[in-house]
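How does one read a pocket, a single residue and an aromatic pair from a model? The dialogue takes these in turn.

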Amino acid sequence: MTTIIGIPLKNRHDDSLKLQEILTKYGCSIKTRLGLHDMGDYKCLNYGVVLIEVVNNINEIYDELSKYWKIQIMKF
């Protein structure tokens, strides 16, 4: 089973340190990580989404991330 978690960041500058701390803590459980943000008028905007593919500790990661963000999870 593959599990993808989407983490919406409304303020990438403020959220990035906490997110990085959590992703580092569970680094061995994360197979893929992809960060997406919009480029408005050729400048980097301060919101985006991070997608992670989780291979184990799914519930722990979900619980920790959901303390800070309204995350979405997809299993297939």
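What follows is a short tutorial on a predicted model.

Q: How is empty space found, and what volume does the largest pocket have?
A: Rolling a probe the size of a water molecule over the atoms shows where space is left empty. Here the largest pocket comes to about 160 Å³.

Q: Which elements supply at least two residues each to the lining of the largest pocket?
A: These are helix H1 (12-25), strand E2 (30-40) and strand E3 (43-54). H1 contributes the most, five residues. Among the lining residues are Leu 9, Arg 12, Arg 33, His 37 and Val 50. By class, the lining holds six nonpolar, four polar and two charged residues.

Q: Is Tyr 47 buried, partly exposed or exposed?
A: Tyr 47, in strand E3, has a relative accessible area of 43%. Buried requires under 20% and exposed over 50%, so Tyr 47 is partly exposed.

Q: What is Tyr 47 in contact with, leaving aside neighbours within four places in sequence?
A: Its contacts are then Leu 9, Lys 10, Arg 12, His 37 and Asp 38. Pro 8 lies 39 residues from Tyr 47 in sequence, with 7.8 Å between their C-alpha atoms.

Q: How is an aromatic pair described, and how many are counted here?
A: A pair of aromatic rings is described by the distance of the centres and the angle of the planes. The count here is one aromatic pair. Tyr 68 and Trp 69 form this tilted pair, at 5.5 Å centre to centre and 55 degrees between the planes.

Q: Which accessibility class does each partner, Tyr 68 and Trp 69, fall in?
A: Tyr 68 is partly exposed at 42% relative accessibility, whereas Trp 69 is buried at 8%.

Note on methods
Residues numbered from 1 in each chain as written. Predicted model: local features only at pLDDT ≥ 70, side-chain atom pairs only at ≥ 80, totals over all residues. Heavy atoms only, no water. 1 Å grid on protein atoms, 1.4 Å probe; cavity = no way out; pocket = protein on both sides within 12 Å on 5 of 7 lines; lining within 4 Å. Points joined across faces, edges and corners; volume = space filled by probe spheres on them. Helix = DSSP H or I, 4+ residues; strand = E, 2+ residues; numbered from the N terminus. Nonpolar A, V, L, I, M, F, W, Y, C, P; charged D, E, K, R; others polar. Buried < 20%, exposed > 50% of the residue type's maximum accessible area, 1.4 Å probe, protein only. Contact = heavy atoms within 4.5 Å. Phe/Tyr/Trp six-rings, centres within 6.5 Å; stacked < 30°, edge-to-face > 60°.
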